[in-house]
Amino acid sequence: MDLDVRRLSPACGGEISGVDLRQSLDAQTVAAIHAAWHEHLVILFRDQDISDLDQVRFIQSLGTVGEYMRPKQLREREYHPAVMMITNIRENGEPIGAIPDGEMMFHTDTSYDASPHDGTSLFALEVTEDGGHTLFSNQYMVHDSLPEAVKTRLAGREAVHAFEFGTTVKAKRRYDRSKGAHHPHPVFKRHPATGREAVFVCPLLTEEIIDFPEDEGEELLQTIYAYQERPEFIYEHIWRKGDFLLWDNRCVMHARTDFPRDQIRQMRRVTLHQEDLPGRYQS
Ligand SMILES: [Fe+2]
């Protein structure tokens, strides 16, 4: 099936037209979307008007829906159990959703867990006039561009990912691991569907290379972070209300640009825990 896909930047991103996500999609359309996702890493559907159930159903068509991993005591509202509301809307001075304000450093979602979620979708319910953009950095490109000496030095190494829920900028070098979620992952990971290698460390969550000289490890991580910030590897998404985006956490890192506190931003997040590998769709 031919899908109408427009490239959004040289780094990554593809806008898919002609699909209404309120409808349940036939297997061929799902397979075409799935293939476009692997090709473009981030897929965008504009002018959608979907409910939380529509969003969950679409993610289910690609695999297993992710469980919302935020600790129960930090959940302010009850939505569909898979939904995380990301918003700065406040009631009685308290945000009604998660990660309400401001800039967020490059990261990958849920990498503090043993089984990070393969993909993340966001549906834009309300968007800001200024800022609050999402940056996507292509980690295949970062991997392929890194100096050979860096790749050789870190080959086969693992790094610890740790997260204190709610943080958007890493404020300390090490979080208290007796309290926070943390897990080791390979520095370079091969994507199970594309077979390509990608960088899997990020400035918000990665704390150290395991069994490695600390200063050298930190220096190598900083070298990688500088590559992740290079404009040629980045697609900057400027949100419109009704945008639906799905990205691949295994090969892109994402970040949020700052925005004024008095402008409302509301995104509905549902993750894809584990994708069904697309061989299933080939006839
Ligand atoms: Fe995120």
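How many bridges join strand 2 to strand 3, and do the two run parallel or antiparallel? In this predicted model, strand 2 (residues 14-17) and strand 3 are joined by 2 bridges and run parallel. One of the contacts can be followed by residue: E15 has L44 of strand 3 as its bridge partner. Strand 3 covers residues 42-45, and its side chains alternate in direction. V42 and L44 point one way, while I43 and F45 point the other way. All of these residues are buried.

A second group of strands forms an open sheet. This sheet has 4 strands in the order 8-18-10-16, and the pairing is antiparallel. Strand 8 (104-107) and strand 16 (234-237) are the edge strands, each pairing on one side only. On average, neighbouring strands in this sheet are turned by 15 degrees against each other, if direction is ignored.

Strand 10, made of residues 134-138, is a useful place to look at this sheet in detail. With strand 16 it pairs in the antiparallel sense over 4 bridges. Two of the partners in strand 16 can be named: Y235 is the bridge partner of F136, and H237 is the bridge partner of T134. With strand 18 (residues 252-256), strand 10 is joined by 5 bridges, and these two strands also run antiparallel. Here F136 stands opposite H254. F136 therefore has a named partner in strand 16 and one in strand 18.

Strand 10 is mostly covered, with 5 of its 5 residues buried. T134, F136 and N138 point one way, and L135 and S137 point the other way. Side chains on both sides of the strand are thus buried.

H254, the residue opposite F136 in strand 18, also takes part in a metal site. Which residues are the protein donors of the iron ion? They are H107 and H254, each through NE2, and D109 through OD, and they lie 2.1 to 2.2 Å from the ion. Along the sequence these donors are spaced H-x1-D-x144-H. H107 and D109 are both buried.

The cysteines raise another question: how many disulfides does a search of the whole structure find? The count is 0. The distance between sulfurs explains this for C12, because its closest cysteine sulfur, in C251, is 8.4 Å away, too far for a bond. A disulfide would need the two sulfur atoms within 2.5 Å. C251 likewise is in no disulfide, its nearest cysteine sulfur being that of C12. Both residues are covered: C12 counts as buried at 2% relative accessibility, and C251 counts as buried at 1%.

The last element to consider is helix 5, which spans residues 214-228 and has 15 residues. From its first C-alpha to its last the helix reaches 21 Å, close to the 21 Å expected at 1.5 Å a residue. Its buried residues are G217, L220, L221, I224, Y225, Y227 and Q228. Seen down the axis of helix 5, these buried residues fall within an arc of 155 degrees, so they line one face of the helix. The face turned away from this buried side carries the exposed residues D215 and E219. Helix 5 thus has buried residues lining one face, whereas exposed residues are carried on the face turned away.

Definitions and conventions
Residues numbered from 1 in each chain as written. Predicted model: local features only at pLDDT ≥ 70, side-chain atom pairs only at ≥ 80, totals over all residues. Heavy atoms only, no water. Donors = N, O, S within 2.8 Å, 3.2 Å for Na, K, Ca; no water. Buried < 20%, exposed > 50% of the residue type's maximum accessible area, 1.4 Å probe, protein only. Pairing = 2+ DSSP bridges. Axes fitted to C-alpha atoms, helices over the stretch in contact; angles between N-to-C directions. Expected span 1.5 Å × (residues − 1). Arc of directions from axis to C-beta.
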